[in-house]
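Me: I am new to this entry and should like to learn how to read its features one at a time. Please show me the model, and then let us begin.

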Amino acid sequence: MFVRGLKRKCFDGEEDIEGTLAGIKAIPSYNLQRQSLLDMSLVKLQLCHMLVEPNLCRSVLIANTVRQIQEEMTQDGTWQMINTQSTGQASLDRLVSTDILCRSSRDQAEGKHVPAYSTFSKDFESDEAQDSSETMSTASSVQAPRNLQSNVWEMENPQENKGNFQKSLDQIFETLENKSPNSVEDLFSEVDNSYYDLDTMLTGMMSNTKMGHCDSLETFSSPTNTASNSNCKSDLNDLDHIVEILVES
Amino acid sequence: DIISTVEFNYTGDLLATGDKGGRVVIFQREQETKSRPLSRGEYNVYSTFQSHEPEFDYLKSLEIEEKINKIRWLPQQNAAHFLLSTNDKTIKLWKISERDKRAEGYNLKDEDGRLREPFRVTELRVPTLKPMDLMVEASPRRTFANAHTYHINSISVNSDYATYLSADDLRINLWHLEVTNRSFNIVDIKPANMEELTEVITAAEFHPHHCNVFVYSSSKGTIRLCDMRSSALCDQHSKFFEEPEDPSSRSFFSEIISSISDVKFSHSGRYMMTRDYLSVKVWDLNMENRPVETYQVHEYLRSKLCSLYENDCIFDKFECCWNGSDSTIMTGSYNNFFRTFERETHRDITLEASRESSKPRAILKPRKVCTTGKRKKDEITVDSLDFNKKILHTAWHPMENIIAVAATNNLYLFQEKVN
């Protein structure tokens, strides 16, 4: 799984020193990198193959990593609302490699609290750009037909969010356990229209693997009205592709 | 096709490989002949057969890959050879036998097999055996199916030569080679609530001499040794091997890189070796709290873990193996590099399995990865390593210094230079 079409500065290894000297501003904060790692992990959890069972070991390891980050973020109190009215394109370039995260969590680069933001995928158009309480963002490491919307957390209550988060991770494993597609109705009933939370996104994506790409649109369109045309088209193409495979087999 | 497993048989005369397309190819060692004195040591194709086919699980709407995950030979007991091969869900026992004679002169059949008219049979004769061109046949003898909900990652033949185990992500089953409709579950780590799942089984193996002992490794870097005499369900381990974590090197990737991808007992049965992402560890079975030896395979990747996580390379499962005398261990790395470590002398060497560096009969040149700023001649920098060229599967001849290295879809055989 390679990142395509993504400009980023890589701070791995020996380039570190040069990076430090060349542009102090360019060194990403620990929080930012941690957020980036979290986004990446969530995307990985969602990208399950349509026809072949996902690797359970890999899923468990990624989920554990996500839990670890989430626990640390809860302790830090950085579990906050991410409000991105800022530019979409520029943020793509600023998805940096998370070199600092590779070192001990004790050596944090800066204590400064940088408001975390996520990146936009240029394929995705949000109808809700005007809506200030919610934003959609996409981890840009995803290939075009599989545009995923990673979520935005709204900080009402860290405990509650933790519970929701845990629930969503649990739902990943449940769907790995092959729950029946009827559970989608149950998932819908849990969705709170007031904010766009992890549950919906993750469960929508997971049920994806069983039901077909196009159904994910329903998951998104019901709580919010942000199904974009470009998403619809690419998902329909996938559906054709799947039908083709099924017909051939 | 991409090779997914490599295994020598007990004598080393046969080498089996399995690939992603479900095929098994068996190579046989050439016998030494006067006319070609150098031919000893060469392996040529002996048999090829399709072991597993892709299947579709209609209930779950999921494809079952035909990729061969593991091959294990059975000890030879008669003229035929037997091996177990497995994909994600089904294990098969294959018999490979030679046929170099055929019977001629049947009473009731013609030479081409058609039945003769009864009135044409005017005399009785005894069929005679005539030599024919050697034909190697592979036939499936047993199919052990429907016992695994999750993907099978290991099979291991017991030293009693009658039973074997198969392990998937959450369970280990014990089979008898003669019985296909029943298996016993001996380890089950599936939590009652799948939401609580945090650890999976990554590999399992029987002890080479004690038929009641086996080990299994986990994604959290632990190994459990179990004794089947203590209880029918071995959820309680007899020994628990885990190295305490070094707090100074803790990162978000600590758990992922500690996940054990392979576990192998030494031939002596006294030690076992585990492979995690960056290192190989040798454990004394009598000491549970830490390994007795640790070898860094590619420590220069530690600062690249983020990128390796992004491109999924951090989840690559490398295997490891012992040589016949347990004095040396071998494992693979990236850029088609593989490494051997001599335990007594602490010498290690990095070699490359590629067409350019492996002309037949040429001696392999040691390779070096440059970890400091200054790159010497012939060294390779970490950034120029090709992470698509990974050596996950290697095997060592049980008695001689001949090694088999699988580099994606090519198989390389190297042997110690004989003067």
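Reply: Helices (H or I, at least four residues) and strands (E, at least two) are DSSP runs, numbered from the N terminus. With these names, B:Ser61 can be placed in the loop between strand E5 (55–57) and strand E6 (62–64) of chain B. This is a predicted model, in which local features need pLDDT of at least 70, side-chain atom pairs count only at pLDDT 80 or more, and totals for chains, interfaces and linings use all residues. Residues are numbered from 1 along each chain as its sequence is written, chains are lettered from A and ligands numbered from 1 in the order in which they are written, and side-chain values use heavy atoms, with hydrogens and water left out.

Me: What are the scores of the model, and what pLDDT does chain B average?

Reply: The term pLDDT is the predictor's confidence in each residue, from 0 to 100. Chain B averages 93, and 98% of its residues score at least 70. The model has an ipTM of 0.91 and a pTM of 0.72.

Me: How many helices and strands are there in chain B?

Reply: Chain B has two helices and 31 strands. Its C-alpha trace spans about 90 × 55 × 40 Å along the principal axes. The radius of gyration is taken over C-alpha atoms, and the globule rule is 2.2 Å times the number of residues to the power 0.38. For 419 residues a compact globule would have a value near 22 Å, and the 24 Å of chain B agrees with this.

Me: Is B:Asn146 buried or exposed?

Reply: Buried means under 20% relative accessible area, exposed over 50%, and partly exposed in between (1.4 Å probe, protein chains only). B:Asn146 is exposed, at 80% relative accessibility; it is found in the loop between strand E10 (128–144) and strand E11 (154–157) of chain B. B:Ser61, by contrast, is partly exposed, with a relative accessible area of 38%. Each has a positive phi in a residue other than glycine: near 65 degrees for B:Asn146 and near 55 degrees for B:Ser61.

Me: Where does B:Leu197 lie?

Reply: B:Leu197 lies in the loop between strand E14 (184–188) and strand E15 (201–206) of chain B. This loop residue counts as buried, at 1% relative accessibility. Of the 419 residues of chain B, 52% count as buried. The C-alpha atoms of B:Leu197 and B:Leu134 are separated by 53 Å, the two residues being 63 apart along the chain.

Me: How many aromatic pairs does the structure hold?

Reply: A pair of aromatic rings is described by the distance of the centres and the angle of the planes. Rings of Phe, Tyr and Trp (its six-membered ring) pair if their centres lie within 6.5 Å; planes under 30 degrees apart count as stacked, over 60 as edge-to-face and the rest as tilted. The structure holds 17 such pairs over all chains. The rings of B:Phe8 and B:Tyr43 have centres 6.0 Å apart and planes at 70 degrees, so this pair is edge-to-face. B:Phe8 lies in strand E1 (residues 3–8) of chain B and B:Tyr43 in strand E4 (residues 43–50) of chain B, so the pair ties together parts 35 residues apart in sequence. Both B:Phe8 and B:Tyr43 are buried. The rings of B:Tyr412 and B:Phe414 have centres 6.0 Å apart and planes at 10 degrees, so that pair is stacked.
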